[in-house]
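Welcome, and thanks for taking a look at this model. Please keep the viewer open as you read, and follow each topic along in the coordinates.

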Amino acid sequence: MTSLPITLTINGHRHELEVDPRVTLLDLLRERLDLTGTKKGCDRGQCGACTVLVDGKRINSCLALAVSHDGADVMTIEGVANGEELHPVQAAFIAHDGFQCGFCTPGQIMSTLGLIAEGQAGDDPERIREGLSGNICRCAAYGGIVEAVLEAQEQLAKADRRTAA
Amino acid sequence: MRDFDYIRPASIPDAIAAAAEPGSAYLAGGTNLLDLMKGGVTSPQRIVDISRLPELNRIERLEDGGLRIGALVRNADLAHDAAFAKAYPMVAEALLSGASAQLRNAATVGGNLLQRTRCSYFYDTASACNKRVSGAGCAALGGENRLHAVLGWSDACIATHPSDFCVPLVALDAVVEIEGKQGRRHVTLAEFHLLPGETPQRENALEPGDLIVAVRLPAEAASFAANARYLKVRERTSYAFALVSAAAALVVDGGKIRAARLALGGVAAKPWRARAAEAMLLGADANEATFASAADAALADASPSGDNAFKIELARRIVVRALTSAQAGTPERLPALPASPFSNIPGARHDA
């Protein structure tokens, strides 16, 4: 099969690419664009390490064909911080030990950004755990992750209030 | 993954023409298809990407009071549609009890109906499977089969249909709207999925090229909104397929059951509508004795297909508990753990 032309906006940068139709969004990010922050864990949609935001929604990039997302706006972990300044979710993961080995962390953070944007969990730890159940952490840092999500939401809400005022 | 031709048709007729060619597969959310392709379980020669087809991603209220859900509506968008969740709460609960948030953002209504069994022998290309290779035999018979079917199975196949969404849908008389080479037709969801018999490779009523364009709910489906629950027992609290699940919906007036709907998941190759149990519930007093009789009726034809006799008793108890919690009333807000027995379900005994 010949390669097909697609356009993707990734972390605000527009990319014009030729891709084999078999290439997943995950492999495109890692192997073609050297955006290796997004991790390949199971490669079968079971672990969540490959989570990215596509048009603002969290998905498993391992189960997405790049050609099928022609024109999409993609955000990966590399696009989360503002230069050297960490995003409140990133800072909260550090403050609350929301990881140990760190392999699942980019996926956890992208999934958390999706969770907060969805606005379904609120500050209920059980709803947060349920909302993040698609992200497996084999170091079992789950306690710290839930604390991090709660604090990040609080920080973001404060920032919103400041902006509104 | 094997090489394939990639086609992105601009219209439904173009899609149907392309997919009618042998070796074709439709791609929508891709959450099941790509997994199967990576494992070599299925190797389409041609992928027909319908994910951008116009008109298929709408939720429409029909003039007759029914609802038409476009085949490309994402699971998460449907479950979080406030009007939908209010009118059909057990469908929203079932959707949110399935997969993970990431998968629900990608997976579609049509794809959910067409997802393949999670039988591990179907996924393992080194094992015999009549679904994958017709006539090859069934490694699940005599294999690890504690999760397999207890209703409607055959010696050719004991796999289950894994959908949560389809269970309340079949209880609510959902209809599948299909477009094919001969035009549009409607098939009830109850008739859409096929039991294995001698032909387990044939899983549904679709012909080559046929495209699910929508799922419809009749007006009556919304009449159960006040007393409807989906309950799902899993081997872990979240992000797992059902061992056994049940969708139960009642209309109760003066202690008498005026209308009843009941369906089971995880027990058969199709979402299992329990019509004999519904007949028993109709007109009876809404109490635990009635619910227990209904559970017996729902499982009357069940038999173990392997090391899974426990699923029959489990299913009886889930039926009783689902009916009990339906009678207690649909909660104002979905529980933190949708459909989970570990959520505090009003009216249900923890050991039911």
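Two strands count as paired if DSSP finds at least two bridges between them. By that rule, β6(B) and strand β8 (residues 211–217) of chain B are paired, with five bridges in the antiparallel sense. Please bear in mind that this is a predicted model. The points below take the strands of chain B, then the sheet and domains of chain A, the contact between the chains, and finally one leucine.

**Strand pairing in chain B**

- Within the β6(B) and β8(B) pair, B:I178 has B:I212 in β8(B) as its bridge partner.
- Strand β6 (residues 175–180) of chain B also pairs with strand β7 (residues 183–188) of chain B, antiparallel and over six bridges.
- In that second pair, B:T188 in β7(B) is the residue that stands opposite B:V175.
- A hairpin is formed by β6(B) and β7(B), and two residues lie between the strands.

**The sheet of chain A**

- Chain A has an open sheet of five strands with mixed pairing, and the strand order is β2-β1-β5-β3-β4.
- At the edges sit β2 (13–19) and β4 of chain A, each of which pairs on one side only.
- On average, neighbouring strands of this sheet are turned by 40° against each other, with direction ignored.
- Strand β1 (residues 4–10) of chain A runs antiparallel to β2(A), and seven bridges join the two.
- If you would like one pair to pick out here, A:L8 has A:H15 in β2(A) as its bridge partner.
- The helix α3(A) lies across β3 and β4 of chain A and runs at about 35° to β3(A).

**Domains**

- Chain A splits into domain 1 (4–79) and domain 2 (88–164), and the centres of these two domains of chain A, taken over C-alpha atoms, are 22 Å apart.
- Where the domains of chain A meet, 14 residues of domain 1 are in contact with 13 residues of domain 2.
- On the domain 1 side of that contact in chain A, β3 (51–54) and β4 each supply at least two residues, and β3(A) gives the most, with three residues.
- By class, this side of domain 1 of chain A holds six nonpolar, five polar and three charged residues.
- Chain B splits into domain 1 (5–52) and domain 2 (223–328), and 36 Å separate the C-alpha centres of these two domains of chain B.

**Contact between the chains**

- Chain A brings 29 residues to the contact, and chain B brings 25 residues.
- On the side of chain A that touches chain B, the elements giving two or more residues are β4 (57–60), α3 (105–118) and α4 (125–131) of chain A.
- That side of chain A is made up of nine nonpolar, eleven polar and nine charged residues.

**A closer look at B:L281**

- Is B:L281 buried or exposed? B:L281 counts as buried because 25 C-beta neighbours lie inside 10 Å, and the cut-off for buried is 20 or more.
- This leucine, B:L281, belongs to helix α11 (residues 275–281) of chain B.
- Leaving out residues up to four places away in sequence, B:L281 touches B:I257, B:A260, B:T290 and B:A294.
- B:L250 is 31 residues from B:L281 along the chain, and their C-alpha atoms are 9.1 Å apart.

Key: Residues are numbered from 1 along each chain as its sequence is written. Chains are lettered from A and ligands numbered from 1 in the order in which they are written. This is a predicted model: local features need pLDDT of at least 70, side-chain atom pairs count only at pLDDT 80 or more; totals for chains, interfaces and linings use all residues. Two residues are in contact if their C-beta atoms, placed from the backbone, lie within 7 Å. Helices (H or I, at least four residues) and strands (E, at least two) are DSSP runs, numbered from the N terminus. Ala, Val, Leu, Ile, Met, Phe, Trp, Tyr, Cys and Pro count as nonpolar, Asp, Glu, Lys and Arg as charged, and the others, Gly among them, as polar. Domain bounds come from an automatic or database domain assignment. A residue is buried if 20 or more other C-beta atoms lie within 10 Å of its own, exposed if 12 or fewer, and partly exposed in between; C-beta atoms are placed from the backbone. Axes are lines fitted to C-alpha atoms, for helices over the stretch in contact, and angles run from 0 to 180 degrees between N-to-C directions.
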